[in-house]
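Student: I would like to learn how to read a fold from its helices and its buried residues. Could you walk me through one?

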Amino acid sequence: MSLLNGGIGEAYSVLSKYYESLAEEDGYEEWGKRVLKLAEKYAKGKKCADLACGSGYFTRLLKKAGYDVFGCDISSEMLTEAEKKSADENLYIEYRKQDISAFKSFEKLDLVTVINDGFNYLGRDKLKRALKAISKNLKSGGALIFDVSSEYKIKNILANNVFAEDLDDLTLLWFNELVENKLTMSLTLFIKDGEKYVRKDEIHVQYAHSVEFIENALREVGLTPVEIFGKAENGVSENDERINFVAIKE
């Protein structure tokens, strides 16, 4: 199970370089196919923004599928990695440094995506502001596709637990502490540098949001939920670790 979700500020100042390597086990290929299937079903046009884009995996996927997409993230380091990876694939994609809660596009969009837990990094008030900003920048009939780590995952799997990841050039220890709905993740990274390892530390904070809260927040800003599903793609079970949403601008 990968710890890596979304992108937020200085939390990824060191981890950005290793983000996609650590996230490989999340099944990005199948995940990407599902995102594209939903986009094809609900987006009425190709104007698209991928928010909390991290190192740009899903941004590149959308670009290769023919979407006129730009990526946004609050982490400068993540955006640098996104630009490098896009250039390596000979893809021209514009990346912008933006706080998702103050998102603004230069033109109305057909589709906005927030993939891999970008909304989990926002507390309740900030999440509401983000949804309002996204709604303002969508065309009527435009689609928002996103996912969150579920309350079950945060409170029963991640909370008050310790995890480890080991790559050829990186060893990572990950300690979690939950207070109410706020999960603080303390990461210690040992990065190989020649014959020695250099220690770096980062703090990540995520929030557990209920499906009911998210549904209500969507409706409050004129976004109508049309699909909500977990692993089985036909509804949500109590032990689903990831909840997927599609909402349409009224």
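**Reading helices and cores**

Tutor: Gladly, and we can start where a helix ends: α3 is followed by G66, whose phi is positive, near 100°. Keep in mind that this is a predicted model.

Student: Which residues of α3 are buried?

Tutor: Helix α3 covers residues 57-64, and its buried residues are F58, T59, R60, L61 and L62.

Student: How should I describe two helices that pack together?

Tutor: Two packed helices are described by the angle between their axes and the distance between the axes. Take α2, residues 28-42, with α3: their axes come within 11 Å and cross at roughly 50°. That makes α2 oblique to α3. The crossing in which α2 passes α3 is right-handed.

Student: Which residues make that contact?

Tutor: From α2 come Y28, E29, W31, G32, V35 and L36, and from α3 come Y57, F58, L61 and L62. By type, the residues of this contact of α2 with α3 divide into eight nonpolar, one polar and one charged.

Student: At what angle do the axes of α5 and α7 cross?

Tutor: At roughly 40°, with the axes coming within 9 Å. α5 and α7 are therefore oblique to each other. Here, too, there is a right-handed crossing, with α5 passing α7. On the α5 side the contact uses R124, L127, K128 and L131, while α7 supplies F213, I214, A217, L218 and E220. These residues of the contact of α5 with α7 divide into six nonpolar, no polar and three charged.

Student: Is there a general reason for the spacing of residues on a helix face?

Tutor: An α-helix has 3.6 residues a turn, so residues three or four places apart point the same way.

Student: Let us turn to the interior. Which residues touch the most other members of the largest nonpolar core?

Tutor: They are V114, F119 and L144, in a core of 30 residues. The elements that give two or more residues to this core are β1 (47-51), β2 (68-73), β4 (109-114), α5 (124-137), β5 (138-149), α7 (211-220) and β11 (242-249). The largest share, five residues, comes from α5. There is also a second, separate core of 20 residues, which includes L61, V69, I145 and V246.

Student: What is F119 in contact with, beyond its neighbours within four places in sequence?

Tutor: Its partners are I100, V114, L127, A130, L131, I134, F146, V148 and H209.

Student: A130 is in that list. Is A130 buried or exposed?

Tutor: A130, whose place is in helix α5, is buried, with a relative accessible area of 0%. Setting aside neighbours within four places in sequence, A130 is in contact with I100, S101, F119 and L122. A130 and A102 are 28 residues apart in sequence, and their C-alpha atoms are 6.4 Å apart in space.

Student: How do I judge a residue such as N244 in strand β11?

Tutor: Check its accessibility against the cut-off: buried means under 20% relative accessible area. N244, at 6%, therefore counts as buried. Its contacts, leaving aside neighbours within four places in sequence, are R34, F146, D147, E227, I228, F229 and G230.

Student: And how does the chain look as a whole?

Tutor: The protein chain has seven helices and eleven strands. Of its 250 residues, 56% are buried. Among contacts with a separation of 6 or more, residues 24 or more positions apart account for 64%.

Notes: Residues numbered from 1 in each chain as written. Predicted model: local features only at pLDDT ≥ 70, side-chain atom pairs only at ≥ 80, totals over all residues. Heavy atoms only, no water. Core = buried A, V, L, I, M, F, W, Y, C linked by side-chain atoms within 4.5 Å. Buried < 20%, exposed > 50% of the residue type's maximum accessible area, 1.4 Å probe, protein only. Helix = DSSP H or I, 4+ residues; strand = E, 2+ residues; numbered from the N terminus. Contact = heavy atoms within 4.5 Å. Axes fitted to C-alpha atoms, helices over the stretch in contact; angles between N-to-C directions. Parallel < 35°, antiparallel > 145°, perpendicular 65-115°, else oblique. Left-handed = near helix turned anticlockwise from the far one by under 90°. Nonpolar A, V, L, I, M, F, W, Y, C, P; charged D, E, K, R; others polar.
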